[in-house]
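Please open the model in your viewer and keep the sequence panel beside it, since each stop on this tour begins with a selection. The stops are meant to be followed in order.

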Amino acid sequence: RDDFYYAPIRPFYTAAWPTPGESVWTDVYRFKTGNVVGLDAAVTYQDPDDNRLRGVISISFGLRRISEYLASIRPPAEGLLFILDKAGNLIAASDPNVLADTFESETEAELLSLAEVDNPLLQTVNQALKDNTVVLTELTEMAEFSQFDTVTEERYYIAISPLGRLDWTIGSVTPEDVFLAAVNRNQRRLLL
């Protein structure tokens, strides 16, 4: 067959095999089946009778599915959720259309840097990270910013936090009037 699939040469297998019993994650790559861009979580399988390595068990996550999950968490009117890798490339966003060209690839998987993404909210995030000289690889706890966007003439609340094992950063960008709506409502109640 032209599309011969041999698991031992795939990224998930080669990442897990040298570290028996440990969970590993691959870098983002183009899956052999369907040209979908994503990553895998994988772990070796050892025979319980003789403890010999028998193979690798893997779960694949397409970037589109991660973005669709983020979209289910936050409605567009409330802003945008996003995930960046340590180099500042966009992994996922709660607006799946932001990464439409990245989700399926005929060649190599190429992630867009935050600066290259054509989305006003993410450009506001990009500017906030520049203005506050944020280095994602040095981020150890949640950081929060208030950023005025001269194009939309709105102020945005931005929060970013390291995600953990994958060296990813998760963040949100919310129009300040949406962010402060609950605070203002509570203040009015207190005044009454």
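## A covered strand and its partners

Begin by selecting β5 and β9, which pair in the antiparallel sense over five bridges; bear in mind throughout that this is a predicted model. Within this pairing, look for Leu81, which stands opposite Ser172 in β9.

Now keep β5 (residues 80-84) selected and add β6 (residues 90-93), with which β5 pairs in the antiparallel sense over three bridges. Two of the partnerships can be picked out by residue: Phe82 has Ala93 of β6 as its bridge partner, and Ile83 has Ala92 of β6. Follow the chain from β5 to β6 and you trace a hairpin with five residues between the strands, where Gly88 in the turn has a positive phi of about 90°.

Which residues of β5 are buried on each side? Colour the strand by accessibility and you should find Leu80, Phe82 and Leu84 buried on one side, with Leu81 and Ile83 buried on the other, so that both faces are covered. In a regular strand the side chains alternate between the two faces of the sheet. Taken as a whole, β5 is mostly covered, with five of its five residues buried.

## The helix against the strands

Next, select helix α4 (residues 120-131), whose 12 residues reach 16 Å from the first C-alpha to the last, close to the 16 Å expected at 1.5 Å a residue. Show the side chains of Leu121, Leu122, Thr124, Val125, Asn126, Ala128 and Leu129, which are buried in α4. An α-helix has 3.6 residues a turn, so residues three or four places apart point the same way.

What do the buried residues of α4 pack against? Display the strands together with the helix, and the buried residues of α4 are seen to pack against β5, β6, β7 (143-149), β8 (154-162) and β9 (169-175).

## A loop residue and a long separation

Move now to Asp95, which has its place in the loop between β6 and α3 (100-103). Asp95 is partly exposed, because its relative accessible area is 28%. If its neighbours within four places in sequence are left aside, Asp95 is in contact with Leu80 and Asn119. To reach the next stop, draw a distance from Asp95 to Asp50, C-alpha to C-alpha: the two are 45 residues apart in sequence and 48 Å apart in space.

## The salt bridges

How many salt bridges does the structure hold? There are three, and they can be visited one by one.

Select Arg65 and Glu68, which form a salt bridge with the closest N and O atoms 2.8 Å apart. Because they are three residues apart in helix α2 (residues 63-73), Arg65 and Glu68 are separated by about one helical turn. Arg65 is exposed, with a relative accessible area of 58%, whereas Glu68 counts as partly exposed at 33% relative accessibility. Elsewhere, salt bridges that share partners join Asp47, Asp50 and Arg54 into one network.

Turn to that network by centring on Arg54, which is partly exposed with a relative accessible area of 41%. Arg54 forms a salt bridge with Asp47, where the closest N and O atoms are 3.4 Å apart, and another with Asp50, where the closest N and O atoms are 2.7 Å apart. Are these two acidic residues buried or partly exposed? Asp47 counts as buried at 17% relative accessibility, whereas Asp50 counts as partly exposed at 37%.

## A nonpolar patch

For the last stop, switch to a surface view and select Trp25, Ile59 and Phe61, which make a nonpolar surface patch of about 270 Å². Of these residues, Trp25 lies in strand β1 (residues 24-25), and Trp25 is partly exposed, with a relative accessible area of 34%. That value fits its place in the patch, because patches are made of residues with over 30% relative accessible area and no salt bridge.

Conventions:
Residues are numbered from 1 along each chain as its sequence is written. This is a predicted model: local features need pLDDT of at least 70, side-chain atom pairs count only at pLDDT 80 or more; totals for chains, interfaces and linings use all residues. Side-chain values use heavy atoms; hydrogens and water are left out. Patches are made of residues with over 30% relative accessible area and no salt bridge: like charges are joined within 9 Å, nonpolar side chains (Val, Leu, Ile, Met, Phe, Trp, Tyr) within 5 Å. Accessible areas come from the Shrake-Rupley method with a 1.4 Å probe; for residues, only the protein chains shown count as cover. A salt bridge is a side-chain nitrogen of Lys or Arg within 4 Å of a carboxyl oxygen of Asp or Glu. Helices (H or I, at least four residues) and strands (E, at least two) are DSSP runs, numbered from the N terminus. Buried means under 20% relative accessible area, exposed over 50%, partly exposed in between (1.4 Å probe, protein chains only). Two strands pair if DSSP finds at least two bridges between them. The expected span of a helix is 1.5 Å times one less than its number of residues. Contact means heavy atoms within 4.5 Å.
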